[in-house]
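Reader: I am new to this structure and would be grateful for a close look at a single part of it. Please concentrate on the aromatic rings, and then describe the surroundings in which they sit.

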Amino acid sequence: MGARMAEAAVAAAVVLPLGLGVSAPRSYAMEPTPGPTGTFGPDCSELPESGEGSAAAMAEQKVADAAEGSRQLAQLSSALTKARLDNTLNQSDDITLFAPTNHAFNSLSETQRDSLLNDPEQLKKVLTYHVVDDSITPSQLPNGSFKTLEGSELTTSGSGTSYKVNDSANIVCGNITTANATVYFIDALLTPPA
């Protein structure tokens, strides 16, 4: 008799919540994860809190000037000047720059880097491949395809705060706004298709 009472109590306990409107958990289709707001990425911590090179200072400057003031983009800034693209980028509106960091330039061999920097035509081609004539938001990064100023397409993929460009370069600090551009720091130099 004691076992039957225990079974009845368990059955009542199971029926009671169902009778009160408690139901089994439902499963829902996953909504796409919205892109991050503000700056994101592991290297954003290297931006100064204030002053030259900070996100606040970059927001007040045109994109090539902002790159010049950024410690992380010193080699890019020098390359933009050498290719005579600094004024072009500063005079453009609502562009996106996938900005190779010093690490990206340093990952080339010395011979590759010298060859690129001493070939103005190739340098211009490579650098304009990093620029899109549109403002790209983080919500466009998960499965993006964008035409560059060089004329070829580049792609972006990923989710959350982890994104890649052309499946090869990581966005290490993204969604930095300047007076005329959105900037995504990347850890590799992109090569336009042959």
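**The aromatic cluster and its setting**

Author: Phenylalanine 40 and tyrosine 184 are both buried, a term that stands for a relative accessible area under 20%, with exposed meaning over 50% and partly exposed the range in between (1.4 Å probe, protein chains only). The model is predicted, and local features need a pLDDT of at least 70, side-chain atom pairs one of 80 or more, while totals for chains, interfaces and linings use all residues. Residues are numbered from 1 along each chain as its sequence is written, and side-chain values use heavy atoms, leaving out hydrogens and water.

Rings of Phe, Tyr and Trp (its six-membered ring) form a pair if their centres lie within 6.5 Å; planes under 30 degrees apart are called stacked, over 60 edge-to-face, and the rest tilted. This rule gives 3 aromatic pairs. In one of them, the ring centres of phenylalanine 40 and tyrosine 163 are 5.7 Å apart with the planes at 70°, so the arrangement is edge-to-face. Phenylalanine 40 belongs to the loop between α1 (2–19) and α2 (55–59), whereas tyrosine 163 belongs to strand β5 (residues 162–165), so this pair ties together parts 123 residues apart in sequence. Here helices (H or I, at least four residues) and strands (E, at least two) are DSSP runs numbered from the N terminus. Like phenylalanine 40, tyrosine 163 is buried.

Phenylalanine 40 also pairs with tyrosine 184, in a tilted arrangement with 6.4 Å from centre to centre and 55° between the planes. This pair, too, links distant parts of the chain, since tyrosine 184 is in strand β7 (residues 181–186), 144 residues from phenylalanine 40. Taken together, ring pairs join Phe40, Phe98, Tyr163 and Tyr184 into a cluster.

The strands of the two tyrosines belong to an open sheet of 7 strands with mixed pairing, in the order β2-β1-β7-β6-β5-β4-β3; two strands pair if DSSP finds at least two bridges between them. At the edges stand β2 (131–132) and β3 (143–147), each with a single partner strand, so one side of each has no neighbour in the sheet. Strand β1 (residues 95–100) runs parallel to β7 and is joined to β7 by 6 bridges. In that pairing, isoleucine 95 has alanine 181 of β7 as its bridge partner.

Just ahead of β1, in the loop between α5 and β1, is aspartate 94. Its phi is near 50°, a positive value in a residue other than glycine, and aspartate 94 is exposed, with a relative accessible area of 52%.

The edge strand β2 also helps to cover a helix: the cover over the buried residues of α8 includes α4 (74–82), α7 (110–117) and β2. The residues of helix α8 (residues 120–128) that are buried are Leu123, Val126, Leu127 and Thr128.

A word on confidence completes the picture. The predictor's confidence in each residue, from 0 to 100, is the pLDDT; its mean over the protein chain is 86, with 81% of the residues at 70 or more. Over residues 8–33, however, the pLDDT is below 50, and this stretch has 1 contact in the model beyond near neighbours in sequence, a contact being heavy atoms within 4.5 Å. Where pLDDT is low, predicted coordinates should not be read in detail.
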